[in-house]
Amino acid sequence: MTNEQIRNVAIIAHVDHGKTTLVDQMLKQGGAFRSNQVVAERVMDSNALERERGITILAKNTSVKYGNYKINVVDTPGHADFGGEVERILKMVNGVVLLVDAYEGTMPQTRFVLSKALELGHKVIIVINKIDRPDRRISEVCDEVIELLMELNATDEQLDSPVVYCSGRDGTATLDPNNVGNDLIPLFETIVRHIPAPSGDATAPVQMLVSALDYNDYVGAIGIGRIERGTLKTGMNVLLSNFHADHPPVKAKVTNLYQFEGLARVAVEEATVGDIVCVAGVEGVSIGDTLCDPVDPTAIEFPKISEPSVEMTFSVNDSPFAGKEGKFVTSRHLRARLYKEAVRDVSIRVSDTDSSEAFRVCGRGEMHLSILIENMRREGYEFQVSMPRVLLKEENGVTMEPIDILIADVPQPHVGIVMEKMGMRKGELKTMNAVGERMRLEFSVPSRGLFGYKSEFLTDTKGEGILTSVFDKYEPYRGEIDRRPVGSLFP
């Protein structure tokens, strides 16, 4: 059976390619707001840090109406450090909208998120965004996307993906790049036509994989996921099972059931196959769990999340200024908060150390851990952290270290200084191409070589450079990197 009136789709792209802005327009044209309602820009970026930094950190669900169809949309982060957010929600959808900037083209995170979608066999809609840019390269970017699909061993069906040309800022879409559209109807039509409707047996025992978590002070933990089969009802008794756990299923009861209507959650009595729902009242629920009917407690396998590559030590503040800022200063508070974060964010690993006042926290990169630090600081936690360190591995007696693919988009006069600094940080130049009046340099560089480089890069390029990176693979250790090439004088 298929639920023909529903389409579940995720919008994936590299950072700053315009996902959240496009979702804004989809919501406006999908009737989520009143005609006289004042709506903030990037309405899906509801977190304070997201609005301040102009990036998406957490994957979020919403829905839009198009005719008789309900399109459940998941807005995802574009920064590589939050790739775990993308990986965990891909089991929730049946297809993806791959957004690519009409000037920048395919970037490191484009490759990463697209490869994860192709591994799950998802249908792909290619959207070339920002076609109103004066420096657009529409035909070249289309060729880059097709080449990327071929490199990632896409199927013939995925290679034949439809292409839509959009201006997310103006809320227009068209199938002809030479004609500017008037609205997003071509995009909605393509989603309805190309993304398959969710399928499953609505009469079978219920089964729902939890792909995201939320928390409410009144109802506690809220599990978010797609119903794979059966019908879920308010007040229903279920079993909480996990494919990777060795403990028996746990009994639970669904006290509240919600669906997404625009930006709001609407309470419903029941939901069926293909619906993305929020389930409250299930104590102890975590990402990767399956809500099952007691008759058939079969768990669904959760996709393996890429391992973290950077670690830091979080410890109790023992400096002379201890107790001056935060409300939560003890190791008990710090430990509870870190382990709570590890439940919500599947990319983070937290473990105890030999000291009862220090904890080892592993994440996907500097920004990933810095966002956690800033959130905890704003919540009133006081602690101290160590320098970031990369996670090394031993393979056949050889020390292996994480390697990133880094792309630097810089004005031509600044190419020399960027190549010099990358050489000092054990970077290897892979490709160098002219893109308009700028140069795009691709390096293979150790992850540890990028620590603290962003501010130095902006200084070297007079603030005009664009730097992006994504984890690539583990390679043999490339040797020591001189952290301080010049001396310092202390009074």
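**Close-up 1. Residue classes in the lining of the second largest pocket of the predicted model.** By class, this lining comprises 20 nonpolar, 13 charged and 7 polar residues. The pocket has a volume of about 1200 Å³, and among the 40 residues that line it, L58, L213, D214, Y215 and R344 lie nearest its centre. Two or more lining residues are given by each of strand 2 (60–66), strand 8 (207–216), strand 9 (220–229) and strand 14 (264–267), as well as by helix 3 (83–89), helix 8 (331–344) and helix 9 (366–378). Helix 8 provides the largest share of the lining, with 5 residues.

**Close-up 2. An open sheet of 7 strands with mixed pairing.** The strands follow the order 2-3-1-4-5-6-7, with strand 2 and strand 7 (172–174) as the edge strands, each of which pairs on one side only. From one strand to the next, the twist averages 30 degrees.

**Close-up 3. Strand 1 with strand 3 and helix 4.** Strand 1 (residues 6–13) and strand 3 (residues 69–75) run parallel and are joined by 6 bridges, and V9 stands opposite V73 in strand 3. Helix 4 (residues 108–119) packs on the sheet, where it touches strand 1, strand 4 (95–101) and strand 5 (123–129), and the direction of helix 4 makes about 150 degrees with that of strand 1.

**Close-up 4. The surroundings of N242 in strand 11.** N242 belongs to strand 11, which covers residues 237–242, and the side chain of N242 makes a polar contact with the side chain of D289 at 2.7 Å. When neighbours within four places in sequence are left aside, N242 is in contact with G288, D289 and A299.

Technical notes:
Residues numbered from 1 in each chain as written. Predicted model: local features only at pLDDT ≥ 70, side-chain atom pairs only at ≥ 80, totals over all residues. Heavy atoms only, no water. Helix = DSSP H or I, 4+ residues; strand = E, 2+ residues; numbered from the N terminus. Polar contact = N/O pair within 3.5 Å; in protein donor to acceptor, adjacent residues only side chain to side chain. Contact = heavy atoms within 4.5 Å. 1 Å grid on protein atoms, 1.4 Å probe; cavity = no way out; pocket = protein on both sides within 12 Å on 5 of 7 lines; lining within 4 Å. Points joined across faces, edges and corners; volume = space filled by probe spheres on them. Nonpolar A, V, L, I, M, F, W, Y, C, P; charged D, E, K, R; others polar. Pairing = 2+ DSSP bridges. Axes fitted to C-alpha atoms, helices over the stretch in contact; angles between N-to-C directions.
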